[in-house]
Every structure is written in C-alpha cells, then in structure tokens.
Amino acid sequence: MSVAKVIEINASSKKGIQDAVQHGLHKAAESVKKIKGAWVNEIKVVTADDGSVTEWRVNMKVNFVVE
C-alpha cells in the first residue's frame, strides 16, 4: 500500500502556460521525489496597458508518493 501527498505551488512564465507548469514541476522536483502528477486549478495572466499578455501564472496541486 502506498500513501500520496499533495502540495500546492505557484509558477510563472513569460512564454506560456505549458512553460509555467514545466518550470513549477522542475523546481518542485529539486526537493520532492516521486512526483506522479499535477492538477492545474487556476490560470492567471499579467497584462500590459494595451491588453497583451506579459506573463502567465499557474496555481497547481502536485501529488507525489510518500516513502
């Protein structure tokens, strides 16, 4: 039997949503082992005065197996 834990993290990228998720997961993997998945539950953007997107932000829940 295994036990999983869920943590919540925020990440951002100027490139896009996928890059923000990848950056967040890679950073989390530096201290958390056996990451099994993530659920992106919120997406936000920062905009310039003209309405163009300057930064993508994601909030996600990451689950991993506890040893």
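Helices (H or I, at least four residues) and strands (E, at least two) are DSSP runs, numbered from the N terminus. With that in hand, let us look at this chain together. Residues are numbered from 1 along each chain as its sequence is written. The model is predicted, so local features need pLDDT of at least 70 and side-chain atom pairs count only at pLDDT 80 or more, while totals for chains, interfaces and linings use all residues.

**The whole chain**

Following the chain along its sequence, you meet the pattern β-α-β-β, that is, one helix and three strands. The radius of gyration is 14 Å, well over the 11 Å that the globule rule gives for 67 residues, so the chain is more spread out than a compact globule. This radius is taken over C-alpha atoms, and the globule rule is 2.2 Å times the number of residues to the power 0.38. Along the principal axes, the C-alpha atoms fill a box of roughly 55 × 20 × 15 Å.

How much of the chain is buried? Buried residues make up 22% of the 67 residues. Here buried means under 20% relative accessible area, exposed means over 50%, and partly exposed is in between (1.4 Å probe, protein chains only).

Contact means heavy atoms within 4.5 Å. Of the contacts between residues at least 6 apart in sequence, 62% join residues at least 24 apart.

**Three residues to find**

| Residue | Place | Relative accessibility |
|---|---|---|
| Val 32 | loop between helix 1 and strand 2 | 14%, buried |
| Lys 34 | loop between helix 1 (17-29) and strand 2 (35-47) | 42%, partly exposed |
| Asn 59 | strand 3 (residues 53-66) | 9%, buried |

Start with Val 32 in the loop between helix 1 and strand 2. Which residues does Val 32 touch, not counting those up to four places away in sequence? They are Ile 7 and Phe 64. Val 62 is 30 residues from Val 32 along the chain, and their C-alpha atoms are separated by 9.8 Å.

Now look at Lys 34. Most residues other than glycine have a negative phi. Lys 34 is not a glycine, yet its phi is positive, at about 60°.

Finally, find Asn 59 in strand 3. Leaving aside neighbours within four places in sequence, Asn 59 is in contact with Glu 8, Ile 9 and Asn 10, and also with Trp 39, Val 40, Asn 41 and Glu 42. Asn 59 counts as buried because its relative accessible area is 9%.

Key. Side-chain values use heavy atoms; hydrogens and water are left out.
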